[in-house]
Amino acid sequence: MVKNEMKMTILSKSSNESYARVAVAAFISQLDPTIEEINDIKTAVSEAVTNCIVHAYKDCVGKIYITVSLSDQNVVVIKIRDRGCGIKDVKKAREPLFTTGGEERAGLGFAVMESFMDRLNVRSRENIGTTVSMIKKLAYRV
């Protein structure tokens with residue numbers, strides 16, 4: 001059951017990546033996460049938003065839609081969606097070191113997201129956009 005939820009829309013500008021990361025961290029702080037849990041989530045959000053900026057909207061500025069849901073069971077669900085170019089082959093894109101961003105990109109975005117979150121789902125359609133859903137179960141504290 002959803003305990004609380006927030007939605008925000010930002011433009012795909014690099015200057016908004018840090019805002020998105022901090023806004024999500026501030027929102028989930030009501031669940032009293034550990035510093036490690038907060039850092040994991042901030043890193044995953046940063047990677048997902050950066051993917052939208054660099055890949056989805058390569059030659060233009062578009063909108064990035066972020067939804068964060070918190071449940072009674074201390075589960076955080078984060079969805080980051082764009083309406084950009086989409087991913088031709090999601091399975092290939094999720095392989096470590098694969099990138100369409102040129103030499104300056106490491107191709108580790110999805111691998112990093114997956115390593116810091118409990119679950120990662122990527123849905124994409126060419127010329128329609130991509131939705132990255134990430135789930136993290138936070139430890140209960142008494």
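**Figure 1. Close-up of L31, a buried residue of the predicted model.** With a relative accessible area of 6%, L31 counts as buried in this predicted model, and its place is in the loop between α1 and α2. Although L31 and Q73 are 42 residues apart along the chain, their C-alpha atoms are separated by 9.8 Å.

**Figure 2. Close-up of the crossing between helices α1 and α2.** Helix α1 spans residues 17–28 and helix α2 spans residues 35–56; their axes come within 9 Å and cross at roughly 145°, and the crossing of the two helices is right-handed. On the α1 side, the contact is made by E17, A20, R21, V24, A25 and I28, while α2 contributes I38, I41, K42, V45, S46, V49, T50 and I53. Sorted by class, the residues in this contact of α1 with α2 are nine nonpolar, two polar and three charged.

**Figure 3. Close-up of D40 in helix α2.** The relative accessibility of D40, a residue that lies in helix α2, is 11%, and because the limit for a buried residue is under 20%, D40 counts as buried. When residues up to four places away in sequence are not counted, D40 touches F116 and K136.

**Figure 4. Close-up of V132 in strand β5.** Strand β5 covers residues 129–137 and includes V132, which is buried, with a relative accessible area of 7%. V132 and V122 are ten residues apart in sequence, and their C-alpha atoms are 4.7 Å apart in space. V122 is also one of the residues that V132 touches; leaving aside residues up to four places away in sequence, the others in this set are I78, K79, I80, F110, M113, L120 and N121.

**Figure 5. Close-up of the cysteines C60 and C85, whose sulfurs are 8.7 Å apart.** A disulfide is a covalent bond between the sulfur atoms of two cysteines. For C60, the closest cysteine sulfur is that of C85, and the separation of 8.7 Å is too far for a bond, given that a disulfide requires the two sulfur atoms to be within 2.5 Å. Seen from the other residue, C85 is likewise in no disulfide, with the sulfur of C60 as its nearest cysteine sulfur. A search of the whole structure accordingly finds zero disulfides. As for exposure, C60 is partly exposed, with a relative accessible area of 45%, and C85 also counts as partly exposed, at 30% relative accessibility.

**Figure 6. Overview of the protein, with its four helices and five strands.** This view gives the setting for the close-ups. Read from the N terminus on, the elements of the protein run β-α-α-β-β-α-α-β-β. The protein has 142 residues, of which buried residues make up 44%, among them L31, D40 and V132. Of the contacts between residues at least 6 apart in sequence, 66% join residues that are at least 24 apart. The protein exposes about 8000 Å², and carbon and sulfur atoms supply 51% of that area.

Technical notes. Residues are numbered from 1 along each chain as its sequence is written. This is a predicted model: local features need pLDDT of at least 70, side-chain atom pairs count only at pLDDT 80 or more; totals for chains, interfaces and linings use all residues. Side-chain values use heavy atoms; hydrogens and water are left out. Axes are lines fitted to C-alpha atoms, for helices over the stretch in contact, and angles run from 0 to 180 degrees between N-to-C directions. A crossing is left-handed if the near helix is turned anticlockwise from the far one by less than a right angle, and right-handed if clockwise. Contact means heavy atoms within 4.5 Å. Ala, Val, Leu, Ile, Met, Phe, Trp, Tyr, Cys and Pro count as nonpolar, Asp, Glu, Lys and Arg as charged, and the others, Gly among them, as polar. Buried means under 20% relative accessible area, exposed over 50%, partly exposed in between (1.4 Å probe, protein chains only). Accessible areas come from the Shrake-Rupley method with a 1.4 Å probe; for residues, only the protein chains shown count as cover.
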